[in-house]
Amino acid sequence: MSLTKKKYEAIVAYSFLAPNLIGYFLFFLLPLAFSFVLAFSQWNFMSGIQGIQFVGLRNFLEMPGDRWFTDSFWNTIRFTVITVPSAMILGLLAATALNEGAYGAKVIRTMFFMPHITSLVAVATVWLALFHPSRGPINNVLRSLGIENPPLWIASSDWSLISIIIASVWAAVGYQMLIYLAGLQGISKDLYESADIDGANGLQKFFRITLPLLTPTTIFLLMTTMIGSLQVFAQVNLMTQGGPGTSSSVIVFYVYRSAFQFYRMGYASAMAWVLFVLIFFVTYLNWQLRKKLLKIF
Amino acid sequence: MDIATKQPGVLKPKVGSRSQNIMASRVVLTVLMFALGILMILPFLWMISASLKLQIDVFEFPIRWIPENPQWQNYERVWAGRYPFYRFYVNSIIVTVGATSLVLLTASLGGYAFGKLDFPFKETLFLSYLAMMMIPPQVLLIPRFIMFNWMGWLDTLTVLIIPNAVSAFGTFLLRGFYEQIPKDLSEAAIIDGAGHVRIWSRIIMPLTRPAMLALMIISAMWRWNDYLQPLVFLRRVTNYTIPLGLDFFVQENTAQMNLIMAAAVTATIPLLLLFLITQKYFIRGIVLTGIKG
């Protein structure tokens, strides 16, 4: 009796899982294996399946000498290292301010959150106009403030990546704020009251109570935001096309370009795997951090 | 905020002045946050304002926020031009509704199997599922493109729906919720002679409606705003979804910033309005998926 019940349950489980398993095999496992093969091959998509040539590590060996790749790689790191902490700190400050009892918190929350649900294409389109080097509103304002030669933003190789970062932080900060708000609401008011009795000031309360108790939220946001930032693409493709020169190119943009403009499927796949390793590494670090920090608190 | 609460309070520790100080600090905080909030929505306001101007007035400075002569015909060009925007809306709705409803079904079934049933290789399968969540979609883009080309799926909306019908994230999320439902409930139902399909549809699903709603909102948002997949898999403009349609419109009308902004408004404002109306669920959904995921 119990054996047949077990069998019955297994049959039910696998039929419930069937759509998932089929989908996973077809659209994840198979492409993943294919991508792995491609990473070690040279293949112009136009030459058909017979055109795939196994080239060993050549794709990976080509990367260090390819300026487009190295610049894209470091720009991706730069983008992540600036965007993630900026969005997180601003989000945390905004959440703290709302939690401290600003009036109309819901309206303010909505205003901050609106950019996050807007598609990145629309975000890029609007910021493209705002950053217009000669006539855009941002430079008009800067000029009226007395800055004679404001940055040329997307048209300048020194400022193009920063322009993309500004637009990206604007789009991301509302999400950080929302998740931090949820984290803040989980902290018991009693803690602050006893800190008040001990005579702690606002900053002490923030650094001794709020921040440590938000550690799980911070680690979660750090991990997801870093992974998302390493995959940045839409803003770059729409605002600068990686330019001027290579100044704002990022890994996914160069992968896209190599694959679908130069038809170098093998090289592009190899670069996509580099991105995967990078993301894996970041996730691993975050897990280690989580283990370490969450044990302390 | 601290400055406002402290300075007078230190000198005169009276109860009345303390609550007054708290009020004052709240007012300061409110003013500050409203100013920042307005800064956050300024790009939207500029976009709307520019969309109603003549091409030559778009970059006028000082900015005239309310156009003198609103150019409503800019929207006519967007909605009834060569590639009318409603087409993009129809495509986006088909893709979003299709993929999201399939994800809800597959994730819920999968979540039930992982969360409520015992079967051989459960642990192995589950771990390989989690591993899948780590794979960045960009790695799969090229092989998928080639496969879909062979399958004749390129440049159809199917290519955006079927491959996105399964979600490791969704399965993982729902499994978490299903696990929390006490075993007694389903065991009692089994004694009453209910099968697993019945338990899943009559007990588990109704009990986890907030989780389903959260998954629905987040999946719909991902599909609605997706840019990379449509960009790679679609060719004909008539198949474009809204993000790609906006991208196309921008390239077609590079010099005409007023028309571009009208298209940007068209692409964003309906969704923003939907968000404002359903905000409560939206935010709850995003927080729920954020914390669990």
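**Exercise 1. A threonine in a helix**

Decide whether A:T210 counts as buried or exposed, using its relative accessibility.

*Solution.* Start with the cut-offs: a residue is buried under 20% relative accessible area, exposed over 50%, and partly exposed in between (1.4 Å probe, protein chains only). A:T210 has a relative accessibility of 4%, so this residue counts as buried.

A word on the model before we go on. This is a predicted model, in which local features need pLDDT of at least 70 and side-chain atom pairs count only at pLDDT 80 or more, while totals for chains, interfaces and linings use all residues. Residues are numbered from 1 along each chain as its sequence is written, chains are lettered from A and ligands numbered from 1 in the order in which they are written, and side-chain values use heavy atoms, with hydrogens and water left out.

Next, place the residue: A:T210 belongs to helix α9 (residues 202–213) of chain A. Helices (H or I, at least four residues) and strands (E, at least two) are DSSP runs, numbered from the N terminus.

Now look at the surroundings. Not counting residues up to four places away in sequence, A:T210 touches A:L184, A:I187, A:Y192 and A:K205, where contact means heavy atoms within 4.5 Å. With A:Y192 there is also a polar contact, side chain to side chain, at 2.8 Å. That term stands for a pair of N or O atoms within 3.5 Å; within protein, one must be able to donate a hydrogen and the other to accept it, and residues adjacent in sequence count only if both atoms are side-chain atoms.

**Exercise 2. The contact between the chains**

Describe how chain A and chain B meet: what area do they bury between them, and how many salt bridges and polar pairs are counted?

*Solution.* First the residues: chain A contributes 93 and chain B contributes 94.

Then the area: about 8,200 Å² is buried between chain A and chain B, with 81% of it on carbon and sulfur atoms. Buried area is the accessible area (1.4 Å probe) that two parts lose on being put together, summed over both.

Then the pairs: there are zero salt bridges between the two chains, but twelve residue pairs in polar contact, both at pLDDT 80 or more.

Finally, the side of chain A that touches chain B: helix α1 (residues 2–39) of chain A supplies its largest share, 23 residues. By class, this side has 67 nonpolar, 20 polar and six charged residues. Here Ala, Val, Leu, Ile, Met, Phe, Trp, Tyr, Cys and Pro count as nonpolar, Asp, Glu, Lys and Arg as charged, and the others, Gly among them, as polar.

For a single-residue view, take A:T125 in helix α5 (residues 120–130) of chain A. A:T125 is buried at 5% relative accessible area. Leaving aside neighbours within four places in sequence, A:T125 is in contact with B:L246, B:V250, B:I260, B:M261 and B:A264.

**Exercise 3. Checking a helix**

Which span should helix α10 (residues 215–230) of chain A have?

*Solution.* The expected span is 1.5 Å times one less than the number of residues. For the 16 residues of this helix that gives 22 Å, and its end C-alpha atoms are 22 Å apart, so the two agree. Its buried residues include A:F220, A:L221 and A:M223.

**Exercise 4. Backbone exceptions**

Find where the cis peptide bonds at A:P244 and B:P62 lie, then examine the phi of A:W153.

*Solution.* Most residues other than glycine have a negative phi, and most peptide bonds are trans.

- A:G243 and A:P244 are joined by a cis bond with omega of about -5°; A:P244 sits in the loop between α11 (234–239) and α12 (251–260) of chain A.
- B:F61 and B:P62 are joined by a cis bond with omega of about 0°; B:P62 sits in the loop between α2 (15–51) and α3 (73–79) of chain B.
- A:W153 has a positive phi near 50° and is buried at 8% relative accessibility.

**Exercise 5. A salt bridge across the sequence**

Explain what parts of chain A the pair A:E62 and A:R264 ties together.

*Solution.* The side chains of A:E62 and A:R264 form a salt bridge of 3.0 Å, N to O, by the rule that a side-chain nitrogen of Lys or Arg is within 4 Å of a carboxyl oxygen of Asp or Glu. A:E62 is in helix α2 (residues 58–62) and A:R264 in the loop between α12 and α13, so the pair ties together parts that are 202 residues apart in sequence. A:E62 is partly exposed at 32%, and A:R264 is partly exposed at 30%.
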